[in-house]
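Trainee: I get lost when I look at a whole protein at once. Please pick one part, take me through it closely, and then tie it to what lies around it.

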Amino acid sequence: MPRTLEGQITMEKTPSYFVTKEAPKRIYNMSRDTKLIVVVRNPVTRAISDYTQTLSKNPTIPSFQALAFKNVSTGLVDTTWSAVRIGIYAKHLDNWLQYFSLSKFLFVSGERLVSDPAGEMGRVQDFLGLKRVVTDKHFYFNETKGFPCLKKPEGSSRPRCLGKSKGRPHPKIHGQVIQRLQEFYRPFNMKFYQMTGQDFGWD
């Protein structure tokens, strides 16, 4: 990480930190004052989105159902598949809480980031001790992508929107598959709500 002067904030992001076993200890050893922002979304939707991204790069992979279950007839979920494992947020948070207190975390709802981007960004700015500069006036909803985008920044010729890999249509997944995954995640979601003191409304 670069040196950070008084009055500056250095930020870095990667989706893999939260689910990497060694990450909390390494970050704690680097700086125990680090503030941690975790964006979470419904783990079933997240798994389907993860699969969709992989499918776009490798169209020959097995079906979502074949990867999600060890045994389709019994409904035994395959937790070794990363798309499923990542959504067990309570398990990952347990690992982080061995090094960081809950006060060091802000959990951002991926769903609210889409439905109310300014509201969620307000929470982020408050958490970081920043003045609320990013507001409703900075966003517009892109109908094609189905996501909010940043309006044209000063000195730029066009608005900022999520890249091509975001907002692509998901493949059709059988309702029973989704229902079984919802049942699988429910106890983990409930534990996560208890741990964070936030109900994300995924059930």
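Mentor: Here is a short overview, then a close look at one helix and a walk outwards from there.

A word on ground rules. This is a predicted model, in which local features need a pLDDT of at least 70 and side-chain atom pairs count only at pLDDT 80 or more, while totals for chains, interfaces and linings use all residues. Residues are numbered from 1 along each chain as its sequence is written, and side-chain values use heavy atoms, with hydrogens and water left out.

The protein has eight helices and six strands (helices are DSSP runs of H or I with at least four residues, strands are runs of E with at least two, and both are numbered from the N terminus). Read from the N terminus, the order is α-β-α-α-β-β-α-α-β-α-α-β-β-α. The C-alpha atoms fit in a box of roughly 60 × 45 × 30 Å along the principal axes. Of the 203 residues, 33% count as buried (under 20% relative accessible area; exposed is over 50%, partly exposed is in between, with a 1.4 Å probe and protein chains only). Now take the contacts (heavy atoms within 4.5 Å) with a separation of 6 or more: residues 24 or more positions apart account for 55% of them.

Our part is helix α5, residues 89-96. Six of its eight residues are buried, so the helix is mostly covered. They are Tyr89, Ala90, His92, Leu93, Asn95 and Trp96. What covers them? Among the elements doing the job are α1 (23-30), β1, α2, α4 (82-85), β4 (105-109) and α8.

Asp94 of this helix is partly exposed, because its relative accessible area is 33%. It forms a salt bridge with Lys191, the closest N and O atoms being 2.8 Å apart (the rule is a side-chain nitrogen of Lys or Arg within 4 Å of a carboxyl oxygen of Asp or Glu). The pair joins distant parts of the chain, since Asp94 sits in α5 and Lys191 in α8, 97 residues apart. Lys191 is partly exposed too, at 37% relative accessibility. As background, side chains of opposite charge can pair when their charged atoms come close.

Follow that link into α8, residues 175-196. Asn189 lies in this helix and is buried, because its relative accessible area is just 3%. Leaving aside neighbours within four places in sequence, Asn189 is in contact with Pro43, Trp202 and Asp203. The same helix, α8, holds a salt bridge between Glu183 and Arg180, with 3.8 Å from N to O. Those two are three residues apart, which means about one helical turn separates them. Both come out as partly exposed: Glu183 at 38% relative accessibility and Arg180 at 26%.

Helix α7 (residues 117-127) has a pair with that spacing as well: Arg123 and Glu120 are three residues apart there, about one helical turn. Their side chains meet in a salt bridge at 3.1 Å, N to O. Glu120 is buried at 3% relative accessibility, whereas Arg123 is partly exposed at 26%. Add Arg112 and you get a network of salt bridges linking Arg112, Glu120 and Arg123. The protein's total is seven salt bridges.

Back to the elements that cover α5: one is α2, residues 43-57. Ser49 is found in α2 and is partly exposed, with 21% relative accessibility. Not counting residues up to four places away, Ser49 touches Arg41 and His170. All three are listed in an unreviewed UniProt entry as "binding site", together with Lys166, Gly167, Arg168 and Pro169 (positions use the numbering here, feature names are shortened, and annotations may be inferred rather than shown by experiment). Pro169 sits in the loop between β6 (147-150) and α8, and it is exposed because its relative accessible area is 71%.

Strand β1 (residues 36-40), another of the covering elements, carries Val39, which is exposed at 52%. Val39 joins Ile9, Met11, Ile37 and Leu130 in a nonpolar surface patch of about 440 Å². Patch residues have over 30% relative accessible area and no salt bridge; like charges are joined within 9 Å, and nonpolar side chains (Val, Leu, Ile, Met, Phe, Trp, Tyr) within 5 Å.

Terms used
Areas by Shrake-Rupley, 256 points an atom, 1.4 Å probe, with all protein chains shown as cover.
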